[in-house]
Amino acid sequence: MHPAYTEEHQAFRALVRRFVETEVTPHVEAWEEAKSFPRALYRKAGEVGLLGVGYPEAYGGTPADIFYSIVLCEEVAKAGSGGVSAGLLSHGIAIPPIVALGSAALKAKVVPTVIRGEKIAALAVTEPSGGSDVANLQTTARREGEHFVVSGSKTFITSGMRADFYTVAVRTGGEGMGGISLLLIDRDTPGFTATPLEKMGWWASDTATLYFDECRVPVSNLIGEENQGFFGLMLNFNHERIAIAANAYAFSAVCYEEAVAWARERVTFGRPLLSRQVIRHKLVDMAMHIHSTRCFLEATAYRVMQGESPIAEICMLKNHATQCLEHCAKEAVQILGGAGYIRGAKSERIYRETKVLAIGGGAEEIMKELASKHLGW
Amino acid sequence: MKILVTMKRVTDYERKVKIAPDGSHLITEGMNFVANPFDEIAVEEALRLTKAHGGEVVVFSAGPKDAAQQIRQGLAMGADRGIHLLTDKELDSDAVARLLAKVVDQEKPDLVILGKQATDDDANQAGQLLAGYLGWAQGTFASKHEGLEGPEEKAQKPGLAIEGGKVHVVREVDGGLETIALDMPAVVTTDLRLNHPRFTTLPNIMKAKKKKLDEVTAESLGVDLSPKVKMLRFSEPPARTAGQIVDSVDTLIHKLKNERKVIA
Ligand SMILES: Cc1cc2nc3c(=O)[nH]c(=O)nc-3n(C[C@H](O)[C@H](O)[C@H](O)COP(=O)(O)OP(=O)(O)OC[C@H]3O[C@@H](n4cnc5c(N)ncnc54)[C@H](O)[C@@H]3O)c2cc1C
């Protein structure tokens, strides 16, 4: 175990594990089929402090290092539903810019109620015209007296249908990253509508396209300085990508464990699958990828905890972890055979959830490009 | 009111325990350890009682250095402070009872609440022995009338009722429930249907780090830990053999009577 894990991390792991085993895992199948999980889950998670990890005490959070966030991602992932993970923790990308840059009034309005699980927060950056090229986003916010008037649309937004607060990237200035601002937009704002999207995976989380039709948003909802929004988004990246890596790692482990259990039980040609060299070697390859991902994850998280910002490593970590997941999910489904293709197997679901992690939070190609710029050639 | 509760460090009941090849001991390396679930119920009950009546909850554990984790869990649930008897020895129930008797002398609690048994050795003796050594009344297998599904549990009400210097304990006995009234101070042991222990919370896990946890030794308490019960051998339960399909109830009865001789 990495030395950064203390007794309190272990106690937190035990708490999250018990929470997930009692409040999440038994319902995952039903929530997946229903394509939603109850709003009450946010409040339950809030009650035991799961939504406040790493946020200031003054706003109801619990200051905690990045290894607590990793523990949280890993343990929630054990329920085997990326949709639940993404939906329940969507505030993890929505509120950090508010905490870091928002006015005292904005923080007091949004952060405590989200951390208690009463309100849901979402981040809206990606647009129908593109997600990778954030600096080129098209949604505009025109200043009119004490309001911004917002026009445009966002898409693929997690918790997009039922969020109460949206942290929205808008264009307030000229072209490029220097013209972007972040605005907090309430769901009740006249002119705001959302429509749901059907997806390959992550069924339990809602994903939506958002439309802003001349939405009037008070100037006081500006998060940080005008035209400095890109900086606010960048604050998210390190944590978000490490969280995605932690998720990918944990889901890989779920696939591996399901495959091992299956290989032990399943008898073909008179012997358990686990006795076949081909299968054993597949499992070793899975274990190898999982192990290296975990070491990479913890080593990188440790550097972040020391105050470093190892951008190239974080980009490579995200790719390494999501490739590990693609490998493990594929092999687990293969080892399970037909059962791996039938609804109900965790690997079946996770197989459908691999791509979203390789695309969201910075797509694989974008991660490589960014890493190449930071490797110091 | 002051309540002393126990929190034993036990092997995770969801994992399979390995036995050393010569059967002399259990292999605990790499095992996951948790708090004895019956003790979690004891802590929960104590917290509900002090919430209703005021007072202090003290968590006790005897065990190796890492047993502090289980005490901290009790503190994270809300207990006020901990006492850790540090020892690497295997303790039998009698040694634990004699240790607890000394701690009771020093702490003078109004109530000691223990799990009725620990999920590792299932001995079910420490509470009874402690009551014997102290000469106190004992209420074992504490439960509650309506069980865990009723409104009282939803409202997180204590199952033990304290009134006029007595504690009323609903006990699970063969064929039903009986209610007894014990003069305090008293010893109570908990059964599974007394309460649902609460979750810890992240803020409380962080706060527990700062709560007082005293370490004591058996020598300082003047207790000899040598076991009275000697473990002779550990062995696996016999492996299940394949079943048989019989063609009729008559054949089944015939086989049970004549081959297995399990019915007359
Ligand atoms: C289920 C789900 C949930 C999501 N949740 C959110 C959310 O909550 N909030 C939010 O803002 N967004 C969210 N997203 C959007 C996600 O962040 C974007 O999909 C992602 O950033 C990629 O953007 P894009 O889909 O527009 O692809 P594009 O940017 O169009 O890219 C398409 C492909 O081309 C590659 N590519 C792009 N540019 C280059 C280049 N210069 N060189 C080489 N290759 C390139 C990309 O890597 C990708 O493979 C979510 C997406 C999904 C699927």
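These legends walk through a few close-up views of a predicted model.

**View 1. How confident is the prediction?** For the whole model, the scores are ipTM 0.89 and pTM 0.91. Zooming in on chain B, the mean pLDDT comes to 94, with 100% of its residues at 70 or more.

**View 2. Chain A is split into domains.** The domain assignment cuts chain A into domain 1 (7-115), domain 2 (121-230) and domain 3 (236-374). Keep these ranges handy, as they come back in the next views.

**View 3. Domain 1 of chain A meets domain 3 of chain A.** Taken over C-alpha atoms, the centres of these two domains are 22 Å apart. Their contact involves 19 residues from domain 1 of chain A and 21 residues from domain 3 of chain A. On the domain 1 side, helix 2 (28-34), helix 4 (66-77), helix 5 (82-88), helix 6 (91-94) and helix 7 (96-101) of chain A each chip in with at least two residues. Helix 4 of chain A gives the largest share of that side, 7 residues. Sort the domain 1 side by class and you get 8 nonpolar, 6 polar and 5 charged residues.

**View 4. A shell of residues sits around the ligand.** Which residues come nearest to the ligand? Out of 20 around it, they are A:Val125, A:Gly131, A:Ser132, A:Thr158 and A:Ala363. Domain 2 (121-230) and domain 3 (236-374) of chain A each lend at least three residues to this shell. Look for strand 1 (121-124), strand 3 (147-158), helix 13 (354-359) and helix 14 (364-374) of chain A, since each of them supplies at least two of the shell residues. By class, the shell holds 11 nonpolar, 7 polar and 2 charged residues.

**View 5. Strand 9 of chain B pairs with two other strands.** Is strand 9 (residues 137-143) of chain B mostly covered or mostly open? Mostly covered: 5 of its 7 residues are buried. Strand 9 runs parallel to strand 13 (residues 186-190) of chain B, and 4 bridges join them. Here B:Gln138 has B:Val187 as its bridge partner. With strand 11 (residues 166-173) of chain B, strand 9 runs antiparallel, joined by 2 bridges. In this pairing, B:Ala142 stands opposite B:Arg171. A handy tip for looking at any regular strand: side chains alternate between the two faces of the sheet.

**View 6. Chain B touches chain A.** Here 12 residues of chain B are in contact with 14 residues of chain A. On the chain B side, helix 2 (68-77) and helix 6 (202-208) each provide at least two residues. That side of chain B is made up of 6 nonpolar, 4 polar and 2 charged residues.

Methods: Residues numbered from 1 in each chain as written. Chains lettered and ligands numbered in written order. Predicted model: local features only at pLDDT ≥ 70, side-chain atom pairs only at ≥ 80, totals over all residues. Near = placed C-beta within 6 Å. Nonpolar A, V, L, I, M, F, W, Y, C, P; charged D, E, K, R; others polar. Domains from an automatic or database assignment. Buried ≥ 20, exposed ≤ 12 C-beta atoms within 10 Å, placed from the backbone. Pairing = 2+ DSSP bridges. pLDDT = per-residue confidence, 0-100. Contact = placed C-beta atoms within 7 Å.
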